[in-house]
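Reader: I should like to go through this structure one question at a time. Please give the reasoning behind each answer.

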Amino acid sequence: MEWLKTEIVLKTVGKGLYPVTREIQEVISQWGVREGMLHLFVSHTSASLVISENYDPSARQDLEAFLERLAPEGEPWYRHTSEGSDDSPSHMRSILTNTSLSIPIDGGSLSLGTWQGVYLAEHRARAHHRKILIRCLKTE
């Protein structure tokens, strides 16, 4: 077994789901991993990782709207607003989703379902550079 690691940095332009499946698969291919376990971690408190539908763009739009409804901006009871009206809700959205994911690798590919894709969820309104740590336990 071999432990591999790297990171990718994604520039976001504001709230939304940013597809990263292709970038992650490229890393797996460059490493030559045929079988193993992939671990992803985003080291931010206002961004997260999700696996969701990757075919119909309306699914992504619905998920973005859902997160907005669960943790809307501008609630009068928010206390943590030092970085703006999206400060508290961005942290709330992050705890409702995931900061890490584990995905099996089989036959050199991420073992995602037919319609699944990996996304970075940016919960802040302004642009950021988000770092995704990639770790892989290569078994073959």
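Reader: Where does H123 lie?
Author: The model discussed here is predicted. In it, H123 belongs to no strand of its own listing but to a connecting segment, namely the loop between β7 and β8.

Reader: Is H123 buried or exposed?
Author: The cut-off for a buried residue is a relative accessible area under 20%. H123 has 2% relative accessibility, and therefore counts as buried.

Reader: With which side chain does the side chain of H123 make a polar contact, and at what distance?
Author: H123 touches several residues beyond four places away in sequence, including K15, S46, A47, S48, L67 and R93. From the side chain of H123, a polar contact reaches the side chain of S48, at 2.8 Å.

Reader: What separates the C-alpha atoms of H123 and G14?
Author: Along the chain, H123 and G14 are 109 residues apart. In space, their C-alpha atoms are separated by 7.5 Å.

Reader: In which helix does R93 lie, and is R93 buried or exposed?
Author: R93 is one of the residues that H123 touches. R93 is part of helix α3, which covers residues 87–96. Its relative accessibility is 2%, so R93 counts as buried.

Reader: Which side chain is joined to that of R93 by a polar contact?
Author: Not counting residues up to four places away in sequence, R93 touches K15, L67, E68, A71, P72, E73 and H123. A polar contact of 3.4 Å joins the side chain of R93 to that of E68.

Reader: Against which elements do the buried residues of α3 pack?
Author: The buried residues of this helix are D87, S88, P89, S90, R93 and S94. As a group, the buried residues of α3 pack against β4 and α2.

Reader: In what order do the three strands of the open sheet stand, and which strands are at its edges?
Author: The three strands pair in the antiparallel sense, in the order β2-β7-β4. Each edge strand has a single partner, so one side of each is left without a neighbour in the sheet. Neighbouring strands are turned against each other by 40 degrees on average, direction ignored. The strands at the edges are β2 (16–19) and β4 (47–53).

Reader: Which residue of β7 is the bridge partner of I51?
Author: β4 and β7, the latter covering residues 116–122, are paired antiparallel over seven bridges. The bridge partner of I51 in β7 is V118.

Reader: At what angle does helix α2 run to β2?
Author: Helix α2 comprises residues 57–70 and lies across β2, β4 and β7. Its direction relative to β2 is about 140 degrees.

Reader: Which residues form the covered face of β3?
Author: Strand β3 spans residues 35–42 and has two faces. The uncovered face consists of E35, M37, H39 and F41. The covered face consists of G36, L38, L40 and V42.

Reader: Which residues stand opposite F41 in β5 and L38 in β8?
Author: β3 runs antiparallel to β5 (residues 100–106), joined by seven bridges. β3 also pairs with β8 (residues 128–138) in the antiparallel sense, over seven bridges. F41 stands opposite S100 in β5, and the bridge partner of L38 in β8 is C136.

Reader: How is the aromatic pair of W77 and Y78 classed?
Author: The structure holds two aromatic pairs. In the pair of W77 and Y78, the ring centres are 4.6 Å apart and the planes stand at 70 degrees; planes over 60 degrees apart count as edge-to-face. W77 is exposed, at 56% relative accessibility, whereas Y78 is buried, at 9%. The W77 and Y78 pair is therefore edge-to-face.

Reader: What pattern do the helices and strands follow along the sequence?
Author: The protein has three helices and eight strands. Read along the sequence, they follow the pattern β-β-α-β-β-α-α-β-β-β-β.

Reader: What radius of gyration does the protein have, and how does this value stand against that of a compact globule?
Author: Along its principal axes, the C-alpha trace spans about 55 × 30 × 20 Å. Buried residues make up 40% of the 140 residues. For a compact globule of 140 residues, a radius of gyration near 14 Å would be expected. The value for the protein, which agrees, is 16 Å.

Methods
Residues are numbered from 1 along each chain as its sequence is written. This is a predicted model: local features need pLDDT of at least 70, side-chain atom pairs count only at pLDDT 80 or more; totals for chains, interfaces and linings use all residues. Side-chain values use heavy atoms; hydrogens and water are left out. Helices (H or I, at least four residues) and strands (E, at least two) are DSSP runs, numbered from the N terminus. Buried means under 20% relative accessible area, exposed over 50%, partly exposed in between (1.4 Å probe, protein chains only). A polar contact is a pair of N or O atoms within 3.5 Å; within protein, one must be able to donate a hydrogen and the other to accept it, and residues adjacent in sequence count only if both atoms are side-chain atoms. Contact means heavy atoms within 4.5 Å. Rings of Phe, Tyr and Trp (its six-membered ring) pair if their centres lie within 6.5 Å; planes under 30 degrees apart count as stacked, over 60 as edge-to-face and the rest as tilted. Two strands pair if DSSP finds at least two bridges between them. Axes are lines fitted to C-alpha atoms, for helices over the stretch in contact, and angles run from 0 to 180 degrees between N-to-C directions. The radius of gyration is taken over C-alpha atoms; the globule rule is 2.2 Å times the number of residues to the power 0.38.
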